[in-house]
Amino acid sequence: MNTVLWSLLIVAVMPILLAFVGAYLRQSQLGSFDNNNPREQAKELTGAGSRAYAAQQNAWEALAVFTAAVVAVYVTLADPDMAGTLAMAFVG
């Protein structure tokens, strides 16, 4: 089960790292942050900035689903080896 928990940690950190990348690209492309309307400003991003923002949103959604799956593994006392293999495949 250690592998599953490490995988959960990696999946939990991923959107935070993507937020740093997105912030750098937003600053580079648009020159400033609009904290009052960040979603409107994100629509103005192009290229890598737009992809980084989309990747961050996808990572948040994946975190919710993966967390539910990890809880289900622990509740049902599923096979730890299979759960670890599937968790590594998900992270990969």
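A residue is taken as partly exposed when its relative accessible area lies between the 20% limit for buried and the 50% limit for exposed. By this scale Phe90 counts as partly exposed, because its relative accessibility is 41%. The model described here is predicted.

The protein chain contains four helices and zero strands, and its order along the sequence is α-α-α-α. The C-alpha trace spans about 50 × 20 × 15 Å along its principal axes. The radius of gyration of the protein chain is 17 Å, whereas a compact globule of 92 residues would have a value near 12 Å. Of the 92 residues, 23% are buried. Among contacts with a separation of 6 or more, 62% are between residues 24 or more positions apart.

Helix α3 has 30 residues. From the first C-alpha to the last, α3 reaches 43 Å, close to the 44 Å expected at 1.5 Å a residue. The buried positions of α3 are Gly49, Ala52, Gln56, Ala59, Leu63, Phe66, Val70 and Val73. In an α-helix there are 3.6 residues a turn, so residues three or four places apart point the same way. The buried residues of α3 pack against α1 and α4. After α3 comes Leu77, which has a positive phi near 55°.

The largest nonpolar core consists of eight residues, namely Val4, Val11, Leu63, Phe66, Val70, Val73, Ala83 and Ala87. Two or more of these residues come from each of α1 (2–30), α3 (47–76) and α4 (80–91). The most is given by α3, with four residues. When neighbours within four places in sequence are left aside, the core residue Val11 is in contact with Leu63, Phe66, Phe90 and Val91.

Ser7 is located in helix α1. The residue counts as buried because its relative accessibility of 4% falls under the 20% limit. Outside its neighbours within four places in sequence, Ser7 is in contact with Phe66, Ala87, Met88 and Val91. Ser7 and Val91 are 84 residues apart along the chain, yet their C-alpha atoms are separated by 6.5 Å. Phe66 and Val91 thus appear in the contacts of Ser7 and also in those of Val11.

The search of the whole structure returned one aromatic pair. The partners are Phe66 and Phe90, which are stacked, with 4.7 Å centre to centre and 10° between the planes. The arrangement is assigned as stacked because the angle of 10° is under the 30 degrees set for that class. The pair links distant parts of the chain, with Phe66 in helix α3 and Phe90 in helix α4, 24 residues apart. The two rings belong to residues of unlike accessibility: Phe66 is buried at 8%, whereas Phe90 is partly exposed at 41%. Both residues are in contact with Val11.

The count of salt bridges is one. This salt bridge joins Glu40 and Lys43, with the closest N and O atoms 3.4 Å apart. Glu40 is partly exposed because its relative accessible area is 45%, while Lys43, with 63%, is exposed.

Conventions. Residues are numbered from 1 along each chain as its sequence is written. This is a predicted model: local features need pLDDT of at least 70, side-chain atom pairs count only at pLDDT 80 or more; totals for chains, interfaces and linings use all residues. Side-chain values use heavy atoms; hydrogens and water are left out. A nonpolar core is a set of buried Ala, Val, Leu, Ile, Met, Phe, Trp, Tyr and Cys residues joined through side-chain atoms within 4.5 Å. Buried means under 20% relative accessible area, exposed over 50%, partly exposed in between (1.4 Å probe, protein chains only). Contact means heavy atoms within 4.5 Å. A salt bridge is a side-chain nitrogen of Lys or Arg within 4 Å of a carboxyl oxygen of Asp or Glu. Rings of Phe, Tyr and Trp (its six-membered ring) pair if their centres lie within 6.5 Å; planes under 30 degrees apart count as stacked, over 60 as edge-to-face and the rest as tilted. The expected span of a helix is 1.5 Å times one less than its number of residues. The radius of gyration is taken over C-alpha atoms; the globule rule is 2.2 Å times the number of residues to the power 0.38.
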